[in-house]
Amino acid sequence: MYKTTAKKQYRYLRRISIIYVSLLIVSVLLPYRLIDVFGFVLPGGILFFPLTYQIGAIVAETYGREDAVKMVWDGIIGLFVFNLCLYFIIKLPTVVPGAEPQLFRSEFTSNMRLFIGCFVGLIASDLFNVYRITKLKFLYKGKYFLVIF
């Protein structure tokens, strides 16, 4: 009489999505920290941002395109909420006058511009990555997982 639709329960998808969103937020925070890697000066976020592509590819391969796309959009929403909270904190008056609040403000006021760049980049790159992985999975009939990377 009543039609029930069984929804798939995945064991690790939520945890993987949380790691994905966390890596995106860390990647937005760390460009301000310059590091030395074998004589090259690089932004700190460059160490963690490529992991988001690998996580997106693994989720697309394992859980499917729909869940991977949802994860990417959840990451974009998480970045937006983070930047919105940061924006409001910067606008609130501080207790300690001096150099420290000014340094904090100067470092993080460009974060909204960085978010807009990340938004465009995530739509262009992560969603394309998910599309590419699912097409290659179909083309290779689910075999040769390492070739797709």
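Is Y87 buried, exposed or partly exposed, and what is the relative accessible area of this residue? In this predicted model, Y87 has a relative accessible area of 39% and is therefore partly exposed, since the buried class ends at 20% and the exposed class begins over 50%. The residue is placed in helix α3, which spans residues 65–91.

Aromatic contacts were sought across the whole structure, and the search returned two pairs. In one of these, the ring centres of F49 and Y53 are 5.4 Å apart and the ring planes meet at 85°, so the arrangement is classed as edge-to-face, the cut-off for that class being an angle over 60 degrees. Both F49 and Y53 belong to helix α2, which comprises residues 49–62, and a separation of four residues places them about one turn of the helix apart. With a relative accessibility of 26%, F49 is counted as partly exposed, and Y53, for which the value is 25%, is likewise assigned to the partly exposed class.

The other pair is formed by Y87 and F88, whose rings are also edge-to-face, with a centre-to-centre distance of 5.8 Å and an angle of 65° between the planes. Y87 and F88 also contribute to a nonpolar surface patch of about 550 Å², in which they are joined by I77, F80, V81 and L84. Y87 thus takes part both in an edge-to-face aromatic pair and in the nonpolar surface patch, while its relative accessibility of 39% counts as partly exposed.

Note on methods:
Residues are numbered from 1 along each chain as its sequence is written. This is a predicted model: local features need pLDDT of at least 70, side-chain atom pairs count only at pLDDT 80 or more; totals for chains, interfaces and linings use all residues. Side-chain values use heavy atoms; hydrogens and water are left out. Rings of Phe, Tyr and Trp (its six-membered ring) pair if their centres lie within 6.5 Å; planes under 30 degrees apart count as stacked, over 60 as edge-to-face and the rest as tilted. Helices (H or I, at least four residues) and strands (E, at least two) are DSSP runs, numbered from the N terminus. Buried means under 20% relative accessible area, exposed over 50%, partly exposed in between (1.4 Å probe, protein chains only). Patches are made of residues with over 30% relative accessible area and no salt bridge: like charges are joined within 9 Å, nonpolar side chains (Val, Leu, Ile, Met, Phe, Trp, Tyr) within 5 Å. Accessible areas come from the Shrake-Rupley method with a 1.4 Å probe; for residues, only the protein chains shown count as cover. A salt bridge is a side-chain nitrogen of Lys or Arg within 4 Å of a carboxyl oxygen of Asp or Glu.
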